[in-house]
Amino acid sequence: ALEQTPPEFFSREDAPESIRRLPEASKLDAILKQATALFDSQSWSEAELAIRQAIELGANTGWVWHELGYVLQELGRPEEAEEAYRKSIEVNPKRAAPWNNLGYVLAGLVRAEEAEQAYRTAIDLEPNGACAWHNLGNLLSTLNRHEEAEQACQRAIKIAPKHVPAWNVLGTTLSRSGRLE
């Protein structure tokens with residue numbers, strides 16, 4: 001389950017007075033901008049607080065839930081990240097990114113069958129998404145499904161020839177299958 005929403009951001013002493021006086025819509029916009037800046041600077045704990053405040057103020061979008069999932073993943077809380085990604089998907093099931101990241105979390109939780117399905121859904125939604133292809137390849141490689149893994153990595157490389165993770169997974173897959181020359 002997700003943690004309860006932290007204490008209200010605007011009641012904290014460090015909240016800028018200029019933000020505390022804004023009307024709700026403007027507060028939400030300011031918080032989303034702050035959350036984005038914190039996310040970009042990898043200030044994960046602070047980004048979580050800002051994102052949760054945005055959600056409390058009504059930012060119930062797939063993007064916001066996806067960003068919360070990513071932050072929770074970075075904070076080492078995969079079960080909560082899974083829940084946030086699922087909420088993102090519930091709000092907007094047509095975006096590939098939360099499906100891909102859900103697959104990544106599920107793979108880390110050793111739920112390979114669910115992870116594979118999430119990756120395949122991401123690929124169905126965005127066939128040219130190199131990241132989902134390489135993540136699928138990595139999962140299949142760890143499951144010793146080397147031929148499928150190689151095909152997934154080749155697809156990622158065809159889409160994005162400079163996508164280094166796909167090359168790494170391809171090399172690992174070829175090595176595991178005894179085909180590295």
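Start at the N terminus and follow the protein chain along: its elements run α-α-α-α-α-α-α-α-α-α. Counted up, the secondary structure comes to 10 helices and 0 strands. Keep in mind as you click around that this is a predicted model.

**Stop 1: the whole chain**

Show the full protein chain before you zoom in. It has 181 residues, and 44% of them count as buried. Now think about contacts in the protein chain with a separation of 6 or more: residues 24 or more positions apart account for 50% of those.

**Stop 2: a cluster of rings**

Next, select Phe39, Trp44 and Tyr70 and show their side chains. Ring pairs link these three residues into a cluster. The structure holds 3 aromatic pairs, and two of the pairs can be visited right here.

Take Phe39 and Tyr70 to begin with. Their rings make a tilted aromatic pair, 5.2 Å from centre to centre, with 50 degrees between the planes. Where does each partner of this pair sit in the chain? Phe39 belongs to helix H2 (residues 24-40) and Tyr70 to helix H4 (residues 62-74), so colour those two helices and you'll see a pair that links distant parts of the chain, 31 residues apart.

Is Phe39 buried or exposed? Phe39 has 17% relative accessibility, and because the cut-off for buried is under 20%, Phe39 counts as buried. Tyr70 has a relative accessible area of 29%, which makes Tyr70 partly exposed.

Now swing over to Trp44 and Tyr70. The ring centres of Trp44 and Tyr70 are 5.8 Å apart and their planes stand at 50 degrees, so this pair is tilted. Trp44 is in helix H3 (residues 44-56), while Tyr70 is in helix H4, and the two residues are 26 apart in a pair that again links distant parts of the chain. Trp44 counts as buried, at 14% relative accessibility.

**Stop 3: along helix H3 to Glu56**

Stay with helix H3 and pick Glu56, which lies in that helix. Glu56 counts as partly exposed, at 45% relative accessibility. Add Leu28 to your selection: the C-alpha atoms of Glu56 and Leu28 are separated by 9.3 Å, although the two residues are 28 apart along the chain.

**Stop 4: helices H6 and H7**

Two packed helices are described by the angle between their axes and the distance between the axes. Try that out by selecting helix H6 (residues 96-108) and helix H7 (residues 112-125), whose axes come within 8 Å and cross at roughly 160 degrees. How do H6 and H7 run, roughly parallel or roughly antiparallel? Angles over 145 degrees count as roughly antiparallel, and H6 and H7 are therefore roughly antiparallel to each other. Their crossing is left-handed.

Turn on side chains to see who meets whom. On the H6 side, look for Ala96, Trp99, Asn100, Leu102, Gly103, Tyr104, Leu106 and Ala107. Across from them, in H7, are Glu114, Ala115, Ala118, Tyr119, Thr121, Ala122 and Leu125. Sorted by class, the residues of this contact of H6 with H7 divide into 11 nonpolar, 3 polar and 1 charged.

Zoom in on Glu114, which lies in helix H7. Glu114 is partly exposed, with a relative accessible area of 35%. Its C-alpha atom and that of Gly103 are separated by 7.1 Å, with their positions 11 residues apart along the chain. Which residues does Glu114 touch, leaving aside its neighbours within four places in sequence? Glu114 is in contact with Arg86 and Leu106.

**Stop 5: helices H6 and H8**

Keep H6 on screen and add helix H8 (residues 130-142). H6 and H8 pack at an angle of about 20 degrees, with their axes 10 Å apart. H6 and H8 are therefore roughly parallel to each other. H6 passes H8 in a left-handed crossing.

For the contact, select Asn100, Tyr104 and Ala107 in H6, which meet Cys131, Ala132, Asn135 and Leu139 in H8. By class, this contact has 5 nonpolar, 2 polar and no charged residues.

**Last stop: His146**

Finish by selecting His146 in helix H9 (residues 146-159). His146 counts as buried, at 15% relative accessibility. Leaving aside its neighbours within four places in sequence, His146 is in contact with Ser141, Thr173, Arg176 and Ser177.

Technical notes:
Residues are numbered from 1 along each chain as its sequence is written. This is a predicted model: local features need pLDDT of at least 70, side-chain atom pairs count only at pLDDT 80 or more; totals for chains, interfaces and linings use all residues. Side-chain values use heavy atoms; hydrogens and water are left out. Axes are lines fitted to C-alpha atoms, for helices over the stretch in contact, and angles run from 0 to 180 degrees between N-to-C directions. Helices (H or I, at least four residues) and strands (E, at least two) are DSSP runs, numbered from the N terminus. Angles under 35 degrees count as roughly parallel, over 145 as roughly antiparallel, 65 to 115 as roughly perpendicular and the rest as oblique. A crossing is left-handed if the near helix is turned anticlockwise from the far one by less than a right angle, and right-handed if clockwise. Contact means heavy atoms within 4.5 Å. Ala, Val, Leu, Ile, Met, Phe, Trp, Tyr, Cys and Pro count as nonpolar, Asp, Glu, Lys and Arg as charged, and the others, Gly among them, as polar. Rings of Phe, Tyr and Trp (its six-membered ring) pair if their centres lie within 6.5 Å; planes under 30 degrees apart count as stacked, over 60 as edge-to-face and the rest as tilted. Buried means under 20% relative accessible area, exposed over 50%, partly exposed in between (1.4 Å probe, protein chains only).
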